[in-house]
Amino acid sequence: MGIPQGEIENTFERFYRVDKARSRETGGSGLGLHIAKSIMKLHKGEIKIISKEGVDTEVRLFFPI
Ligand SMILES: Nc1ncnc2c1ncn2[C@@H]1O[C@H](COP(=O)(O)OP(=O)(O)OP(=O)(O)O)[C@@H](O)[C@H]1O
Ligand SMILES: [Mg+2]
């Protein structure tokens with residue numbers, strides 16, 4: 001469904017969910033992306049989100065090799 005441009009960085013915060021109403025419907029605790037970012041940091045890598053509101057979301061993981 002996409003994430004509004006101004007919310008993308010917030011999604012990495014612990015317990016942050018863009019749509020508070022949707023949270024009860026779809027479950028989830030708002031931890032997934034925070035944990036993913038922590039893991040990428042431990043790999044000295046990066047995580048990037050490219051998203052278009054109402055369209056789709058792409059998550060890119062960069063591992064140093
Ligand atoms: N693929 C996606 N498309 C649209 N919005 C997303 C997507 N992934 C995450 N989000 C938004 O970012 C918020 C934070 O995502 P995150 O994965 O950290 O938590 P969650 O999916 O709500 O719960 P969980 O802890 O189970 O992963 C979500 O609540 C949602 O609003
Ligand atoms: Mg999640």
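**Exercise 1. Val 59 and its surroundings**

Decide how open Val 59 is to solvent, then place this residue in the fold.

*Solution.* Start with the accessibility: Val 59 has a relative accessible area of 43%, so it is partly exposed. The classes work like this: buried is under 20% relative accessible area, exposed is over 50%, and partly exposed sits in between (1.4 Å probe, protein chains only). Before going on, keep in mind that this is a predicted model, where local features need pLDDT of at least 70 and side-chain atom pairs count only at pLDDT 80 or more, while totals for chains, interfaces and linings use all residues. Residues are numbered from 1 along each chain as written, chains are lettered from A and ligands numbered from 1 in written order, and side-chain values use heavy atoms, leaving out hydrogens and water.

Next, the address: Val 59 belongs to strand β2. Now look across to Ile 47: the two residues are 12 apart in sequence, with their C-alpha atoms 7.0 Å from each other.

Finally, check the company that Val 59 keeps. Together with Leu 61, Phe 63 and Ile 65, Val 59 makes up a nonpolar surface patch with about 480 Å² of accessible area in total. (A patch takes residues with over 30% relative accessible area and no salt bridge, joining nonpolar side chains within 5 Å and like charges within 9 Å; areas are Shrake-Rupley values with a 1.4 Å probe.) Phe 63, another patch member, comes in the segment after β2 (56-62). Because its relative accessible area is 46%, Phe 63 also counts as partly exposed.

**Exercise 2. The overall fold**

How many helices and strands does the protein chain have, and in what pattern do they follow one another?

*Solution.* Count first: you should get two helices and two strands. These are DSSP runs numbered from the N terminus, with at least four residues for a helix (H or I) and at least two for a strand (E). Then read along the sequence, and the pattern comes out as α-α-β-β.

For the dimensions, take the C-alpha trace along its principal axes: about 40 × 25 × 15 Å. As for burial, 18% of the chain's 65 residues are buried.

**Exercise 3. Who holds ligand 1?**

Find out which residues are closest to ligand 1 and what distances link its oxygen atoms to the protein.

*Solution.* Begin with the shell: 13 residues surround ligand 1, and the closest are Arg 17, Val 18, Gly 30, Leu 31 and Leu 33. (To qualify, a residue needs a heavy atom within 4 Å.)

Then go through the polar contacts (N or O pairs within 3.5 Å). Arg 17 uses its side chain, with an N or O atom 2.5 Å from a ligand oxygen. Val 18 uses its backbone, where an N or O atom is 2.9 Å from an oxygen of ligand 1. Leu 31 also brings in a backbone N or O atom, this time at 2.8 Å from a ligand oxygen. As for cover, ligand 1 on its own exposes 590 Å², and the protein buries 72% of that.

Last, zoom in on Leu 31. This residue lies in the loop between α1 (20-26) and α2 (32-42). Its relative accessibility is 26%, so Leu 31 counts as partly exposed. Lys 20 is 11 residues away from Leu 31 along the chain, and their C-alpha atoms are 14 Å apart.

**Exercise 4. Salt bridges**

List the salt bridges and say whether the partners are buried, exposed or partly exposed.

*Solution.* The rule asks for a side-chain nitrogen of Lys or Arg within 4 Å of a carboxyl oxygen of Asp or Glu. Two pairs pass.

- Lys 48 pairs with Glu 46, N to O at 3.5 Å. Lys 48 is partly exposed at 40%, and Glu 46 is partly exposed at 42%.
- Glu 58 pairs with Arg 60, with the closest N and O atoms 2.6 Å apart. Glu 58 is partly exposed at 37%, and Arg 60 is partly exposed at 38%.

**Exercise 5. Positive phi**

Work out where Phe 15 and Lys 44 sit and what is notable about their phi angles.

*Solution.* Recall the background: most residues other than glycine have a negative phi. Phe 15 goes against this, with a positive phi of about 65 degrees. Phe 15 sits in the segment before α1 and counts as exposed at 58% relative accessibility.

Lys 44 has a positive phi too, near 55 degrees. You'll find Lys 44 in the loop between α2 and β1 (46-52), exposed at 71% relative accessibility.

Terms used:
Polar contact = N/O pair within 3.5 Å; in protein donor to acceptor, adjacent residues only side chain to side chain.
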